[in-house]
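Visitor: I would like to go through this structure with you, asking at each step what a descriptive word rests on. Please set the values against the cut-offs as you answer.

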Amino acid sequence: AISLIVGSVESGGGPTSQPSPFVGRALRWPGGPELVGLAAVVVIGSGVALAAWACLHDFDQALETRRMSRGAYLGARASQIFGDLTRGVLIALIGIYVLIGAFTNDPNHAKSLGEVLKTIAHQAYGGWLLGISALGLLAFGVSSIFEALYRKV
């Protein structure tokens, strides 16, 4: 995301970064558009569920909060909520693009995470949206550190 902001990413990518070849093969199967559409709906639902879970989950059940200072507790909560909310939104966006590919029967509409981030970058306020996305993914990494340090075992 940071590379996209400063413009140092070359266009293109390896075949593993492109979901369209797999979506293209799946669209050619009998009932392919319906199967791809169903898979996309599941991905969208997973993203929405993760975003909702981020806002509603009681993280105190998983962390040993009595060992944490007030600042560590607030940092852990904020990073967990923001990180999971960001991941949920990005996962849902990936699913939306796959669903568009299923509806149009065009695998080129399916996008990887990198392609979704590039699309965000080209929108109005794209730099800001990309920066928020980058901070959210960074927050997920920070929350993983808190979880490694304070996870109940």
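Visitor: Why is Leu-56 called exposed?

Guide: In this predicted model, Leu-56 has a relative accessibility of 73%, and since the word exposed is used for values over 50%, Leu-56 therefore counts as exposed. Leu-56 is found in helix H3, and its C-alpha lies 9.0 Å from that of Ile-81, a residue 25 places away in sequence.

Visitor: What makes Glu-64 buried?

Guide: The relative accessible area of Glu-64 is 15%, and because buried means under 20%, Glu-64 is classed as buried. Glu-64 has its place in the loop between H3 and H4, and, leaving aside neighbours within four places in sequence, Glu-64 is in contact with Tyr-150, Arg-151, Lys-152 and Val-153.

Visitor: Why are H2 and H3 called oblique to each other?

Guide: Two packed helices are described by the angle between their axes and the distance between the axes. The axes of helix H2 (residues 20–28) and helix H3 (residues 32–56) come within 6 Å and cross at roughly 130 degrees. Roughly perpendicular covers 65 to 115 degrees and roughly antiparallel begins over 145, so the pair H2 and H3 is described as oblique.

Visitor: Which residues of H2 and H3 meet, and what is the character of that contact?

Guide: Val-23, Ala-26 and Leu-27 of H2 meet Gly-32, Pro-33 and Val-36 of H3. The residues of this contact divide into 5 nonpolar, 1 polar and no charged.

Visitor: What makes up the largest nonpolar core?

Guide: The largest nonpolar core has 8 residues, namely Val-23, Ala-26, Leu-27, Val-36, Ala-40, Val-98, Ala-102 and Ala-110. The elements that give two or more residues to this core are H2, H3 and helix H4 (70–104), and the largest share, 3 residues, comes from H2. As for Val-36, with neighbours within four places in sequence left aside, Val-36 is in contact with Val-23, Ala-26, Leu-27, Val-98 and Ala-102. In soluble globular proteins, nonpolar side chains tend to be buried together.

Visitor: How do you know which elements have the lowest and the highest confidence?

Guide: The mean pLDDT of each element is compared: helix H1 (residues 2–6) has the lowest, at 52, and H4 has the highest, at 95. Over the chain the average pLDDT is 87, and 88% of the residues score at least 70.

Terms used. Residues numbered from 1 in each chain as written. Predicted model: local features only at pLDDT ≥ 70, side-chain atom pairs only at ≥ 80, totals over all residues. Heavy atoms only, no water. Axes fitted to C-alpha atoms, helices over the stretch in contact; angles between N-to-C directions. Helix = DSSP H or I, 4+ residues; strand = E, 2+ residues; numbered from the N terminus. Parallel < 35°, antiparallel > 145°, perpendicular 65-115°, else oblique. Contact = heavy atoms within 4.5 Å. Nonpolar A, V, L, I, M, F, W, Y, C, P; charged D, E, K, R; others polar. Core = buried A, V, L, I, M, F, W, Y, C linked by side-chain atoms within 4.5 Å. Buried < 20%, exposed > 50% of the residue type's maximum accessible area, 1.4 Å probe, protein only. pLDDT = per-residue confidence, 0-100.
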